[in-house]
Amino acid sequence: MRIYFLWPAIVIIVLWIIINSINIIYRKGKFDLKQEIINLLFLVSVLWIIGMTIFPIEIGIPQSYGPSNNVVPFSSIKDLMNHFYFMVPLRNIAGNIILFVPLGFVLALKFSKINSVLRVGVVGLLSSTFIELVQLLLPIRAFDVDDIILNTLGSIIGFLVLKTFERIYKVSGNHN
């Protein structure tokens, strides 16, 4: 049996909207649209990462089924780069980087203390490591240290994109 993440993600987002709406009513209309958008982006980025890395979950599949684990840095990246079909490395390498870009982008917006390349990188590293450790317990998933490296790079790229946008916005805002 296979469990997919689409319906749980929709339920989580709907519950989040309901709880936020109740909070806004309770706070008597104190509503910060910018902060609510940042919160929603953070939630969606976390749900996207969970959906892409943990789901679908296979129930009743023997543990011996599935890919093998990789603990040697850059080993699977090297193997992918030698693959005969260009879409395989593109999907795996770029996909692992792109997966964490939104998280790196929104972290500094949501949490003021996570506002440096080092801090965003550490959060990306810890988040990705946690996901890889969870994948050790799942039958059709595997631990891959290269995924941690690529995910961490993705979170850093997301942060750098945010900082680039902020600089552009600040520069263009000064000319008004």
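These legends describe views of one protein chain in a predicted model.

**View 1. The whole protein chain and its elements.**
The chain holds 6 helices and 2 strands. Read from the N terminus, the order is β-α-α-β-α-α-α-α. Along the principal axes, the C-alpha atoms fill a box of roughly 55 × 40 × 25 Å.

**View 2. Inside and surface of the protein chain.**
The chain has 176 residues, and 35% of them are buried. About 11,500 Å² is exposed. Carbon and sulfur atoms supply 72% of that area. Count the contacts with a separation of 6 or more: residues 24 or more positions apart account for 80% of them.

**View 3. Charges in the protein chain.**
There are 14 positive and 9 negative charges. Take the mean position of each set. The two mean positions lie 13 Å apart.

**View 4. The length of helix α5.**
Helix α5 covers residues 117-136, which is 20 residues. At 1.5 Å a residue, the helix should span 28 Å. Its end C-alpha atoms are 28 Å apart, so the model agrees with the expected span.

**View 5. The two sides of helix α5.**
Which residues of α5 are buried? They are Val-120, Gly-121, Gly-124, Ser-128, Ile-131, Glu-132 and Gln-135. Seen down the helix axis, these buried residues fall within an arc of 100°, so they line one face of α5. Now look at the other side of the helix. There, Leu-118, Leu-126 and Phe-130 are exposed.

Definitions and conventions. Residues are numbered from 1 along each chain as its sequence is written. This is a predicted model: local features need pLDDT of at least 70, side-chain atom pairs count only at pLDDT 80 or more; totals for chains, interfaces and linings use all residues. Side-chain values use heavy atoms; hydrogens and water are left out. Helices (H or I, at least four residues) and strands (E, at least two) are DSSP runs, numbered from the N terminus. Buried means under 20% relative accessible area, exposed over 50%, partly exposed in between (1.4 Å probe, protein chains only). Contact means heavy atoms within 4.5 Å. Accessible areas come from the Shrake-Rupley method with a 1.4 Å probe; for residues, only the protein chains shown count as cover. Lys and Arg count as positive and Asp and Glu as negative; His and the chain ends are not counted. The place of a charge is taken as NZ of Lys, CZ of Arg, CG of Asp or CD of Glu. The expected span of a helix is 1.5 Å times one less than its number of residues. The arc is that of the directions from the helix axis to the C-beta atoms.
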